[in-house]
Every structure is written in structure tokens, then in C-alpha cells.
Amino acid sequence: MDDCHDDWPPVRGDYRVGDSRRGVAVVTLASRLDIRGAAIVGTCKTENLGVEKIVTNLISNPNIRYLIVCGAESRGHLPGDAIVSLHRNGIDGSGRIIGAAGAIPFIQNLQREAVERFRRQIIVVDMRGVEDIAEIERAVDHYSGIAEPFSEPPFEVVKKTRSSRAQPGDLDVSLGPDVYLDVDAWAVSA
């Protein structure tokens with residue numbers, strides 16, 4: 001299956017894209033590790049927006065079946081714990097990642113269906129604390145060799161939209177005179 005769009009991955013972040021047809025993604029948490037052979041490799045330092053970006057990018061590519069979580073945890077935030085807990089337990093009615101120990105482990109910008117797709121499509125390989133590049137690359141090679149594409153088409157996360165004329169009080173953060181950040185819509189308006 002090669003249903004991945006040319007503009008994959010859809011969400012920007014601190015990552016390097018390899019071959020989008022590969023079946024493995026790697027998140028190195030707070031460690032900067034140059035891992036080769038995966039579809040995508042990047043860091044994640046937060047247990048909320050960072051995890052949301054990972055979920056969004058992975059479920060938009062059905063070729064990816066494994067997520068290797070490795071490297072050092074980000075203190076206080078514990079995004080690795082959040083990823084493992086999200087996969088294992090899902091979210092509660094308020095979007096809290098069940099069982100996650102980080103400071104604010106909430107999924108607020110993804111539909112429940114996106115979380116459930118992540119839990120069905122992705123197998124999490126927990127290598128938290130491992131920073132040995134050769135060991136991680138052996139895992140990438142192993143899981144790439146057994147990965148079969150997911151049977152469903154790419155899951156496109158639908159971002160919440162608001163009127164282009166949203167009022168300043170409707171938005172989350174002021175970035176200066178007449179410039180506002182709308183976190184729900186992932187947009188800046190002026």
C-alpha cells in the first residue's frame with residue numbers, strides 16, 4: 001500500500017522524514033539521535049501537543065505500523081509515558097490520557113476516532129531510556145522487515161475551523177497588536 005500523500009507528514013514538527021513507505025517511525029523523546037532506516041524520526045518533549053502531532057502524522061500514513069519510543073524522557077512532561085499510556089489505555093471523557101503520569105497529559109485537538117485509529121494501527125515498541133543508535137537501528141530493521149501496511153486508507157485529522165473573522169476574545173493567545181493564536185484551529189489570525 002502506498003496511499004501516503006506527497007505532502008506527508010501533514011503536521012510540522014522536529015523530525016526528519018525518511019522513506020514514507022517504511023513501516024516504522026521512531027520518536028527519540030528529548031534525545032537528539034540520528035537514527036536511519038525509519039519512515040520518520042523525531043523528538044517529542046510534551047505529553048499533549050507533541051503527542052497529538054505524532055498521532056496525526058502516523059495515522060495519516062497506513063504504511064507505518066510500529067512506533068519505537070526511545071531516548072530520554074523530558075522531565076515533568078514524560079511524553080514517552082504518555083504515548084505508551086495512550087496506546088495501552090486511550091483517553092477518558094475529558095481527553096486525559098488514562099494512566100499517564102506527565103504534568104498535563106490531555107488530547108484536546110484530536111477526535112476520539114483519531115486516537116482509536118492510532119491504537120488499532122500502531123504497535124508501540126517501548127525502548128524508553130535506550131540511546132544506543134546501533135540498538136535502535138537494529139529494532140528499526142527488525143520491525144521494518146515484519147511490518148504490513150494497515151488495511152484502512154490514511155486517516156486525515158479534521159482540524160476545527162472558525163470563522164476567519166474570529167473575535168480576539170474567542171482566541172487563546174495574543175501575539176501582539178491584532179495578532180492572535182487559536183490553538184484549537186492551529187491558526188494565527190490577524
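**Close-up 1. Helices α1 and α2 cross in this predicted model.** Start with helix α1, which spans residues 49-59, and helix α2, which spans residues 79-89. Their axes come within 10 Å and cross at roughly 50°. That angle makes α1 oblique to α2, and the crossing in which α1 passes α2 is right-handed. To find the contact, look in α1 for Val 51, Ile 54 and Val 55, which meet Pro 79, Ala 82, Ile 83 and Leu 86 in α2. Sorted by class, this contact has seven nonpolar residues, with no polar and no charged ones.

**Close-up 2. Helices α2 and α3 cross as well.** Here α2 is joined in the view by helix α3, residues 112-121. The two axes come within 8 Å, and the crossing angle is roughly 90°; α2 and α3 are therefore roughly perpendicular to each other. On the α2 side, the residues in contact are Ile 83, Leu 86, His 87, Arg 88 and Asn 89. They meet Val 115, Phe 118 and Arg 119 of α3. By class, this contact has four nonpolar, two polar and two charged residues.

**Close-up 3. Helix α1 sits among its neighbours.** Nine of the 11 residues of α1 are buried, so this helix is largely enclosed by the rest of the structure. The buried residues are Gly 50, Val 51, Glu 52, Ile 54, Val 55, Thr 56, Asn 57, Leu 58 and Ile 59. What covers them includes the strands β1 (15-17), β2 (24-27), β3 (40-42) and β4, along with helices α2 and α3.

**Close-up 4. Helix α2 has its own cover, and a glycine follows it.** Eight of the 11 residues of α2 are buried, so α2 is largely enclosed by the rest of the structure. You can pick them out as Pro 79, Gly 80, Asp 81, Ala 82, Ile 83, Val 84, Ser 85 and Leu 86. The parts covering these residues include β2, α1, β4, α3 and β5 (123-128). After α2 comes Gly 90, with a positive phi near 75°.

**Close-up 5. Tyr 66 and Tyr 143 form an aromatic pair.** A search of the whole structure finds one aromatic pair, and this view shows its two rings. The pair of Tyr 66 and Tyr 143 is tilted, with 4.7 Å from centre to centre and 40° between the planes. Tyr 66 belongs to strand β4 (residues 66-71) and Tyr 143 to helix α4 (residues 133-146), so the pair ties together parts that are 77 residues apart in sequence. Tyr 66 counts as buried, at 10% relative accessibility. Tyr 143, at 21% relative accessibility, counts as partly exposed.

**Close-up 6. Leu 29 and Leu 78 have positive phi values.** Neither stop on this tour is a glycine. Leu 29 has a phi near 50° and is found in the loop between β2 and β3. With 0% relative accessibility, Leu 29 counts as buried. Leu 78 has a phi of about 55° and lies in the loop between β4 and α2. At 26% relative accessibility, Leu 78 counts as partly exposed.

**Close-up 7. A cis peptide bond leads from Trp 8 to Pro 9.** The omega of this bond is near 0°. To place it along the chain, look for Pro 9 in the segment before β1.

Key:
Residues numbered from 1 in each chain as written. Predicted model: local features only at pLDDT ≥ 70, side-chain atom pairs only at ≥ 80, totals over all residues. Heavy atoms only, no water. Axes fitted to C-alpha atoms, helices over the stretch in contact; angles between N-to-C directions. Helix = DSSP H or I, 4+ residues; strand = E, 2+ residues; numbered from the N terminus. Parallel < 35°, antiparallel > 145°, perpendicular 65-115°, else oblique. Left-handed = near helix turned anticlockwise from the far one by under 90°. Contact = heavy atoms within 4.5 Å. Nonpolar A, V, L, I, M, F, W, Y, C, P; charged D, E, K, R; others polar. Phe/Tyr/Trp six-rings, centres within 6.5 Å; stacked < 30°, edge-to-face > 60°. Buried < 20%, exposed > 50% of the residue type's maximum accessible area, 1.4 Å probe, protein only.
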